[in-house]
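Thanks for making the time, everyone. I would like to walk you through one model this morning, and I will keep to a few places in it.

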Amino acid sequence: MKPAVLRCCCLLAVLLVVFSAPATLFAQTAAPTASSSSPSVDSSKALNDKLAQLDQRVTAAQSSADNSWMMVSAALVLMMTGPGLALFYGGLVRRKNMLAIMMQSFMLMAVISVLWALVGYSLAFGGNGPVIGGFEHAMLRGVGAEPNPDYAGTIPQSTFMIYQLMFAIITPALITGATAERMKFSGTVLFLTLWYFVVYTPLAHMVWGKGGLLNAALGGKFPCLDFAGGTVVHISSGVSALVCALYIGKRTGFPKQPMPPHSLTLSFVGACLLWVGWFGFNAGSALASSSLATSAFIATHFATAAAAISWSLAEWVKNGRPSALGAISGAVAGLVAITPAAGFVGPMSALVIGFIAGIACYLMVTKVKAAFGYDDALDAFGVHGAGGTIGAILTGVFAQQAINPIFGAGKPTGGLDGHWGQIGNQLVGVAIAWALAIVGSIVLLKVTDLITGIRVSEEHEIEGLDITQHGEEAYNLEL
């Protein structure tokens with residue numbers, strides 16, 4: 001073969017190799033790509049499944065943590081009534097009336113629990129009316145393991161139900177402090193049963209229920225901030241206590257005859273139990289084991305400490321020495337005042353609220369009560385009515401969206417945020433609570449008086465309610 005022809009054949013062979021190689025390589029690489037598409041889809045699906053399972057486990061863990069905290073909080077709030085309030089009130093009365101006042105708290109634990117299960121929970125948290133709920137949860141129908149997203153989306157509705165029950169128990173029990181040592185047991189049970197339906201349940205729905213007139217989170221016309229019960233619990237019970245004290249009249253011998261507490265030791269223990277239990281009351285109202293619960297816990301503690309100090313200082317200035325009774329009374333006043341604000345204010349604001357409440361409630365108990373001459377035996381109005389009112393108003397001043405953006409992210413909450421109009425909403429809530437408590441209590445006292453009578457006879461009062469109402473004595477002192 002000639003060299004020229006050979007060169008042409010070699011060049012042609014090279015060109016064929018060069019131009020055919022990409023097609024061969026493409027065919028070799030394309031086939032594996034097509035054959036590997038199925039494993040890639042399966043891998044993506046497996047990853048999505050694992051992420052879904054992880055999300056379920058995280059949700060379950062959050063629900064478990066929140067549920068555990070709420071069950072503990074419910075137990076703490078129940079402890080506030082018995083033994084907390086029972087011992088606190090029991091030590092403040094005279095020895096002959098100790099069992100009677102404790103029995104009132106204990107019996108309400110039983111009576112209100114049954115009523116709550118039958119229809120109370122449904123009236124407070126069912127429906128979406130502005131004043132009262134409905135009957136869809138009567139007999140606890142539909143209240144089970146599934147959360148109610150309107151109120152607490154991470155815990156069973158049954159947990160939410162039992163937690164709210166503890167508030168319903170202690171609220172009427174607070175009223176017994178004003179009527180101590182002179183009200184019939186039968187009259188107490190009947191009146192407070194009726195009061196629970198007429199006063200407490202509508203207020204609970206208006207403030208906390210969906211669509212309630214005063215609900216700040218769920219569409220209320222007048223959004224009143226009440227984190228844990230300033231209006232629902234303390235104003236309602238405190239104002240009703242004053243009405244009861246005025247209606248029933250003074251104790252025999254009051255105020256000329258000394259009527260000192262028979263055991264401040266028991267009252268001291270009761271007050272300490274109230275302080276501890278109140279963390280379930282306020283921090284539990286976050287309805288989750290969250291940073292908001294921590295904030296409410298801290299605010300509660302600091303306000304209580306400040307109020308105990310301010311009441312003691314006021315006594316020190318006036319009497320030259322502070323008293324144990326004053327210190328524990330101041331602590332309770334601080335607990336009451338911070339209740340509506342606990343989930344909306346920071347630690348420094350809590351200190352201010354507590355300090356103001358301690359002095360204000362001290363003046364109510366020592367000056368105002370003496371000036372008007374009413375016999376609020378254990379100062380239920382002076383501490384709960386006055387303290388709850390002060391706390392509700394100050395909530396409008398000190399509430400901040402940085403603590404709780406209840407009106408939406410970036411929207412001001414209270415006066416410190418520039419939303420001074422919130423004080424007006426607070427005043428509307430206070431006015432409604434006062435009006436309902438006054439009118440409802442007057443009507444129900446008259447009804448109760450017609451059915452069972454309200455006050456024991458003078459002979460029974462002198463002998464003591466332990467013997468005359470229950471046939472027992474708190475202390476069997478044998479020589």
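**A surface patch, an enclosed helix and the cysteines**

Let me begin with Val 447, which has its place in helix α11, the helix that runs over residues 422–451. Please keep in mind throughout that what you are looking at is a predicted model. Val 447 has a relative accessibility of 33%, and therefore counts as partly exposed. This valine is one of the residues that make up a nonpolar surface patch of about 630 Å², and its partners there are Ile 438, Val 439, Ile 442, Val 443, Leu 450 and Ile 451.

Now to helix α3, residues 157–175, where a check on geometry may interest this group. With 19 residues at 1.5 Å a residue, helix α3 should span 27 Å, and the C-alpha atoms at its ends are 29 Å apart, which agrees. As for its surroundings, 17 of the 19 residues of α3 are buried, so this helix is largely enclosed by the rest of the structure.

That leaves the cysteines: how many disulfides does the count come to? With a disulfide taken as a pair of cysteine sulfur atoms within 2.5 Å, the count comes to zero. Take Cys 244, whose closest cysteine sulfur is the one in Cys 361, at 19 Å, and therefore too far for a bond. Cys 361, in turn, has its closest cysteine sulfur in Cys 224, at 18 Å, which is again too far. As to accessibility, Cys 244 counts as buried because its relative value is 1%, and Cys 361, at 0%, counts as buried too.

Notes. Residues numbered from 1 in each chain as written. Predicted model: local features only at pLDDT ≥ 70, side-chain atom pairs only at ≥ 80, totals over all residues. Heavy atoms only, no water. Patch = residues over 30% accessible without salt bridge, like charges linked within 9 Å, V, L, I, M, F, W, Y side chains within 5 Å. Areas by Shrake-Rupley, 256 points an atom, 1.4 Å probe, with all protein chains shown as cover. Salt bridge = Lys/Arg side-chain N within 4 Å of Asp/Glu carboxyl O. Helix = DSSP H or I, 4+ residues; strand = E, 2+ residues; numbered from the N terminus. Buried < 20%, exposed > 50% of the residue type's maximum accessible area, 1.4 Å probe, protein only. Expected span 1.5 Å × (residues − 1).
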